[in-house]
Amino acid sequence: MITGAALLCTTSLAAMAQDAVPLDQATLSGDETIATPYGRVELEDSYFGEEDSQMLFDAMDLQRAAQLYIWSTPLVSMTTWRDAQGEAFGTDAPGTFAVLETLKEKRGIVTANLTTPYIFNFTDLSDGPVQIDYPAGQTAGGVLDMWQRPVFDLGLTGPDKGEGATYIVVGPEEDPADYEADGVYVYQSATNNVLVGIRILDPDPAFYDTFVSDYAMGPTGETSTSDFIKGKDVEWSATAPRGLAYWEKLAAIVNEEPIREIDKPWMAMIAPLGIVKGQDFAPTDRQQEILTKGAALGELMARNLQVNPRYAEVWWEGTSWYKSFDFQVAQETDTIQQIDERATWFYEAVASTEGMVNPQPGEGQVYMTSKRDQNGDMLRADRNYTLHVPADVPVGQFWSVTLYSEETRRPYDNGGIEIADVTKGSRTESLQVNEDGSVDLYFGPDAPEGMESNHFRTVGDDGWFVYFRLYAPEEAFFDKSFRLEDFQRVE
């Protein structure tokens with residue numbers, strides 16, 4: 001029952017709303033009351049009072065915080081990865097690599113590939129250039145700056161083409177010409193901090209030992225064997241934090257890195273929110289409230305881009321499958337910085353190399369993703385689905401399907417302790433294959449009897465998605481004669 005006071009209040013609010021002019025009809029002059037999404041602005045002789053002024057500043061800063069989240073996603077994600085890996089594996093020392101092999105170790109990485117061993121190192125170039133004596137063999141990887149742009153690829157898709165080479169990477173303040181020499185590849189990073197990331201593709205377990213014994217790294221002319229930290233088997237998380245902690249990460253890395261010309265407008269927008277190059281981050285209560293709201297709003301917007309990439313087209317017509325990369329490795333074109341395009345990937349995943357972004361027939365990697373079933377409905381953890389993988393997946397190396405959590409974007413935690421609990425593919429020994437060479441995979445809380453080895457268990461309300469990876473994709477992928485159909489819901 002509505003009381004008299006409540007009715008009076010409701011009537012009064014309705015009357016006030018009727019008096020206010022919608023934004024699209026506002027003249028912005030004279031005496032006028034304007035309805036905005038953030039409240040009413042009262043103009044008197046074209047001016048407004050202090051309360052309305054503060055409301056507009058709050059709205060302006062909230063809008064900027066949300067957009068700044070989208071802009072800074074690759075940088076904060078990379079910084080979170082560096083800091084969390086250093087703490088979990090003790091890889092803060094120069095030349096020290098974390099080797100990720102177990103499910104626990106790999107579950108820390110956002111959308112980690114669970115099929116091949118990972119080797120990761122973060123290096124600071126502010127102390128001088130770094131030389132890498134890279135061994136020959138079947139590997140893929142690269143050196144990335146903190147915006148997750150490839151400085152150069154390593155291994156099969158790098159200049160060495162799997163034959164091994166000597167590389168020198170210099171920081172943003174160095175002149176690459178000072179280090180040019182015969183037989184040496186010299187590259188410049190736009191950031192002081194860089195990631196050296198390597199995937200072992202050779203299926204022979206003995207290759208790892210050969211590779212790490214031959215790998216050397218250090219100051220130019222002073223390379224030495226590196227330390228490879230193995231066997232930690234720890235749980236950790238490289239998912240970017242939420243709330244104020246997100247901005248603390250951004251403020252910290254801003255003070256470590258030079259400001260690129262392309263990022264100066266963004267630095268101007270973030271300064272009123274308390275992040276200024278060369279200054280400590282000490283936000284006021286008002287700034288903290290806006291930043292916390294802005295991080296949440298920005299993440300919702302980034303997630304919407306991830307689930308509904310409005311600039312991209314599905315790869316196979318009539319399905320919900322997207323090729324994950326729809327941007328340039330430099331993250332810009334002649335006319336725009338690809339902020340939305342890169343956020344779509346870097347909210348969901350980490351890292352980019354030339355071989356990942358622009359694979360060619362017979363080399364590189366393809367990452368296909370889907371979040372919907374055959375009806376266009378979002379995939380849910382409390383429902384069961386099937387995915388049919390046709391025979392003869394066009395790959396020169398292998399294919400795999402990996403399950404990820406939408407909440408963390410890391411490998412799905414369904415209680416399993418083995419890698420096969422969350423990823424399966426052509427290298428999975430227990431995979432059951434149909435007589436025609438095709439494979440049926442099952443997703444959901446219930447495993448079909450007898451098909452447990454082909455089942456991905458989903459739990460609770462932890463929404464999920466997959467990456468279907470093709471390593472060394474062949475022409476049938478590019479001409480689309482190979483095709484995946486959508487997930488089929490099992491009623």
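This report covers the confidence, two sheets, cavities and pockets of one protein chain.

## Confidence

The model is predicted. Mean pLDDT for the protein chain is 94. Of the residues, 96% reach 70 or more. The exception to note is the start of the chain: over residues 1-16, pLDDT stays under 50. For that stretch the model has two contacts beyond four places in sequence. Where pLDDT is low, the predicted coordinates should not be read in detail.

## The three-stranded sheet

One open sheet has three strands in the order β1-β2-β3. Its pairing is mixed. The edges are β1 (21-22) and β3 (39-43), each with a single partner strand, so one side of each has no neighbour in the sheet.

Strand β2 covers residues 32-36 and runs antiparallel to β3. Five bridges join the two. Within this pair, Ala 35 faces Arg 40 of β3.

Helix α2 spans residues 50-89 and lies across β2 and β3. The helix runs at about 135 degrees to β3. α2 returns below, in the lining of a cavity and of a pocket.

## The five-stranded sheet

A second open sheet is built from five strands, ordered β10-β9-β6-β12-β13. Here too the pairing is mixed. β10 (184-188) and β13 are the edge strands, and each pairs on one side only.

Strands of a sheet pair through backbone hydrogen bonds, either parallel or antiparallel. Strand β6 (residues 130-134) pairs with β12 in the antiparallel sense, over four bridges. Two residue pairs show the register. Gln 131 stands opposite Gly 218 in β12, and Ile 132 has Met 217 as its bridge partner.

β12 then pairs with β13, again antiparallel, over two bridges. Ala 216 has Thr 225 in β13 as its bridge partner. The two strands form a hairpin with four residues between them. In the turn, Gly 221 has a positive phi of about 80 degrees.

## Enclosed and open space

Rolling a probe the size of a water molecule over the atoms shows where empty space is left. The model has three cavities of 30 Å³ or more. The table sets the two largest cavities beside the two largest pockets.

| Space | Volume | Nonpolar lining residues | Polar lining residues | Charged lining residues |
|---|---|---|---|---|
| Largest cavity | about 210 Å³ | 16 residues | five residues | two residues |
| Second largest cavity | about 100 Å³ | nine residues | one residue | three residues |
| Largest pocket | about 500 Å³ | seven residues | 12 residues | six residues |
| Second largest pocket | about 380 Å³ | six residues | eight residues | five residues |

### Cavities

The largest cavity has a volume of about 210 Å³. It is lined by 23 residues. Closest to its centre are Tyr 118, Arg 199, Val 350, Ala 351 and Met 356. Four strands each supply at least two residues of this lining: β5 (118-124), β7 (139-145), β11 (193-200) and β22 (464-473).

The second largest cavity has a volume of about 100 Å³. Its lining has 13 residues. Leu 75, Trp 147, Pro 258, Ile 259 and Asp 263 are the closest to its centre. Two helices, α2 and α5 (244-254), give two or more residues each to this lining.

### Pockets

The largest pocket holds about 500 Å³ of space. Of its 25 lining residues, Pro 94, Gly 95, Phe 122, Thr 123 and Asp 124 are the closest to the centre. α2, β5, β12 (216-219) and β13 (224-225) each supply at least two residues of the lining. α2 gives the most, with four residues. The hairpin strands β12 and β13 are thus also part of this pocket wall.

The second largest pocket holds about 380 Å³. It has 19 lining residues. Those closest to its centre are Leu 114, Thr 115, Ile 419, Thr 423 and Arg 427. The strands β18 (395-405) and β19 (423-425) give two or more residues to the lining.

Methods:
Residues numbered from 1 in each chain as written. Predicted model: local features only at pLDDT ≥ 70, side-chain atom pairs only at ≥ 80, totals over all residues. Heavy atoms only, no water. Pairing = 2+ DSSP bridges. Contact = heavy atoms within 4.5 Å. Axes fitted to C-alpha atoms, helices over the stretch in contact; angles between N-to-C directions. pLDDT = per-residue confidence, 0-100. 1 Å grid on protein atoms, 1.4 Å probe; cavity = no way out; pocket = protein on both sides within 12 Å on 5 of 7 lines; lining within 4 Å. Points joined across faces, edges and corners; volume = space filled by probe spheres on them. Nonpolar A, V, L, I, M, F, W, Y, C, P; charged D, E, K, R; others polar.
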